[in-house]
Amino acid sequence: MPFHRISQWTGGFFEDTSLTKIGLEIHLGHQGKPCPEVTEESYDTDDEGDYFTEDPWVPLVNDPQTTMVVDTSGLHSLMIRFCRCTNALSPDMQLFEMGLFPASFTSPKTAFTFAVLDDFLLDNMECGTSAMNYYSKLSAVDLKQLKWHGFSHEKRQPKAGELALFCPACPQPGVNVNLAEKNAADPAWLYSRSLVMDGNFKAEHMFPANPTDEVALTDGLGFMVGDARYKMHLAEAKDVANASRHKLEATGIGGCACARHGCFVPHSMVDFQKGERQMNMDYALCQALGYNTNGIDRALTFYDINCQYHKHLQQRVDESPYLDLPWGMEVTPGIGLWHVHGHQDKCYIRAARIDGKIMETLWAPLNIILPSARGMSTPH
């Protein structure tokens, strides 16, 4: 398992390290055993004239003495010893025999596992992923999604949105704030949520060819809302399909993000069926307000059509069994950041800290992959 990732206890915490650091060497040409024609003197120097020393050596990703191997588990800097027998194959062919594709055929310093090449072909064919984007993904992938969020060693099943990360700075009781220690002198914004709402009509999605064959593995556990309950809400709100664009299952998406820091709220993104309607955004807003807000009783919402949207929001929430505001929250229209007479300095400070159109900056990178996602299955 030369691509296994390990951690080393430092006395206070576990620090990422590598198998190479503890002496792993991969020998080619002799079934894993060292080549009898190779001595330590053979590897005293590299092409740039650097020498080994007796000091502890920590291999770096770009160390000239190692070979960079790209695998589905990420990037690895490995000490690969080539066979130097008189009848030995060339270095590139020795790598081929090990299941590695060299980036160069003369003096290879980078190689790709056959597994990562197969995986890239699938990503490229199904998702339209470019080689550059795929490489960026590999450089960040070390652990599985469940392990990232603490579910690899416990029986509890993830709840809605628990496989997605939210803003680390916004108040989340039990995560980064203790409401029991709340001081009456603290400013109100310390314990308030600031949300911006918006839609994206480039995020179209076609009806699946075989919907009965589709199986969702993480339905509602990430940023998109759970499918079944959302559809029941739409049925209750007397939703009708978009007749003018009958080939589209979704004409766009919408949802909520943190207004101060631009982070999507988990389990608050919804599909549109016919434009950016109140029934869609109502569901997104209620889900966003209910995400890790136990005890928070104040939230500010920013929406480019808030002047009309908020007018009957409380009534719509009261009439729907699928819409819930957190306990203690009520709809109070208008904080008038731009029209508070006599307090222009206060308006300026608040406006500088909150970007009411910050979701436009979130849509921009997402729009790059939307053409590829248009025809994918719904679980994708």
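Select Gly252 first, which stands opposite Phe272 in β12; here strands are DSSP runs of E with at least two residues and helices are DSSP runs of H or I with at least four, both numbered from the N terminus. The model is a predicted one, in which local features need pLDDT of at least 70 and side-chain atom pairs count only at pLDDT 80 or more, whereas totals for chains, interfaces and linings use all residues. Residues are numbered from 1 along each chain as its sequence is written, and side-chain values use heavy atoms, with hydrogens and water left out.

Stay with this pair of strands and display the backbone. β11 and β12 pair in the antiparallel sense over 3 bridges, where pairing requires that DSSP finds at least two bridges between the strands.

Next, select β11 by itself and colour it by accessibility. Of its 7 residues, 7 are buried, buried being under 20% relative accessible area with a 1.4 Å probe and protein chains only. In a regular strand the side chains alternate between the two faces of the sheet. Gly252, Gly254, Cys256 and Cys258 point one way from β11, while Ile253, Gly255 and Ala257 point the other way.

Now add residues 193-200, which make up β8; this strand runs antiparallel to β11 (residues 252-258) and is joined to it by 6 bridges. Two positions are useful for orientation: Val196 stands opposite Ala257 in β11, and Asn200 stands opposite Ile253 in β11.

Extend the selection to the whole sheet, an open one of 4 strands with mixed pairing, in the order β12-β11-β8-β13. Because β12 (270-272) and β13 (299-303) stand at the edges with a single partner strand each, one side of each is left without a neighbour in the sheet. Neighbouring strands of this sheet are turned by 25° against each other on average, direction ignored; the axes are lines fitted to C-alpha atoms, for helices over the stretch in contact, and angles run from 0 to 180 degrees between N-to-C directions.

Then bring in residues 278-289, helix α6, which packs on the sheet and touches β8, β11, β12 and β13, a contact meaning heavy atoms within 4.5 Å. The direction of α6 makes about 150° with that of β8.

Finally, zoom out to the chain, whose secondary structure comes to 11 helices and 13 strands. Of its 380 residues, 36% count as buried, and among contacts between residues at least 6 apart in sequence, 65% join residues at least 24 apart.

Notes. Buried < 20%, exposed > 50% of the residue type's maximum accessible area, 1.4 Å probe, protein only.
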